[in-house]
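User: I am new to reading protein structures and would like to understand how the labels used for them are justified. Could we go through this one together?

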Amino acid sequence: MSTFPNLRDMNNKYKKPHEAFTVSHLASREDPFKQFEAWFDQAKATKEIAEPRAFCLATTDKNGTPSARIVIMKEYSPEGLQFFTHYSSRKGKDLEENSKAAVLFYWEVLRRQIRIEGTVHKLPLEEAEQYFKSRPLSIQIGTAASDQSTIVPDRDCIIEKAKQLENKYEEVGTIERPPLWGGYLFVPNMFEFWQGQSDRVHDRICFKRNENGWQCFRLAP
């Protein structure tokens, strides 16, 4: 009978105590996007974080079956967060059936995570077209060569399709955007800013959107 390692004793302690994160430390008590920007800028400036834009996107289909994956944030503003993908992918199909989603940024070296809930809407095709054309040709080809989330016999068939596209469009320098590839805008209605603490009394400060703007409050760890 196989045995599994005991993970309960893997209690990794933080190297040093972290300053408590309180409401007084917020960049704004009325606008969570300002606090998001403050933490994101710190993550960008931290050399140990290879890809600060990466976040986990959780979706569900019409039956409530969950699915999660890492995607890359391409832009953010007071309107929301942008990302791009195939409409025919698992996440694209989920969002077609249920526009509600959740996002999680986790920066371990900073002991921080930002959890966000909201709804997702397709970006105008003109924005998707503009962004697709701005990408390097090799990435355009990789995108066009893949019918994301479909079953394929092997890796070689995708590589072969990519080579065919490369031979066809190399002189042109750009290819047509696949019709089922585009952008999404994730519109938040809740933010939770989490700061890890050595004593496990973690700091959690939340913002929730209401008819008057944003309500700010603290949660027990």
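**Labels and the values behind them**

Analyst: Over residues 45-166 the chain is 32% helix and 35% strand, and the C-alpha atoms at the two ends are 36 Å apart. UniProt, in an unreviewed entry, places the feature "domain: Pyridoxamine 5'-phosphate oxidase N-terminal" at these residues, 45-166. Please keep in mind that this is a predicted model.

User: Why is Glu192 called buried or exposed?

Analyst: The relative accessibility of Glu192 is 2%, and buried means under 20%, so Glu192 counts as buried.

User: What makes the pair of Arg115 and Glu192 a salt bridge?

Analyst: The test asks for a side-chain nitrogen of Lys or Arg within 4 Å of a carboxyl oxygen of Asp or Glu. The closest N and O atoms of Arg115 and Glu192 are 2.8 Å apart, and the pair forms a salt bridge. It links distant parts of the chain, with Arg115 in strand β6 and Glu192 in strand β7, 77 residues apart. Arg115 counts as partly exposed because its relative accessibility is 28%, and partly exposed lies between 20% and 50%.

User: Which residue in strand β8 is also paired with Glu192?

Analyst: That residue is Arg204, whose side chain meets Glu192 in a salt bridge of 2.9 Å, N to O. Arg204 lies in strand β8 and Glu192 in strand β7, so the pair ties together parts that are 12 residues apart in sequence. Through shared partners, salt bridges join Arg115, Glu117, Glu192 and Arg204 into one network.

User: How do you know that Arg177 is buried or exposed, and what is its partner Glu129?

Analyst: Arg177 has a relative accessible area of 15%, which is under the 20% limit, and therefore Arg177 is buried. Glu129, at 29%, counts as partly exposed. These two form a salt bridge with their closest N and O atoms 2.9 Å apart, and it connects the loop between α5 and β7, where Arg177 lies, with helix α3, which holds Glu129.

User: Which members of the largest nonpolar core touch the most other members?

Analyst: Of its 31 residues, these are Phe36, Phe105, Trp107, Ile114, Ile116 and Phe191. The elements that each supply at least two residues include β5, β6 and β7, while α1 gives the most, with five residues. Ile114 touches, among others, Phe36, Trp39, Phe105 and Phe193. A second, separate core has 14 residues, including Phe132, Ile141, Leu165 and Ile175. In soluble globular proteins, nonpolar side chains tend to be buried together.

Methods:
Residues numbered from 1 in each chain as written. Predicted model: local features only at pLDDT ≥ 70, side-chain atom pairs only at ≥ 80, totals over all residues. Heavy atoms only, no water. Core = buried A, V, L, I, M, F, W, Y, C linked by side-chain atoms within 4.5 Å. Buried < 20%, exposed > 50% of the residue type's maximum accessible area, 1.4 Å probe, protein only. Helix = DSSP H or I, 4+ residues; strand = E, 2+ residues; numbered from the N terminus. Contact = heavy atoms within 4.5 Å. UniProt positions renumbered as here; feature names shortened; annotations may be inferred. Lists of a residue's contacts leave out its neighbours within four places in sequence.
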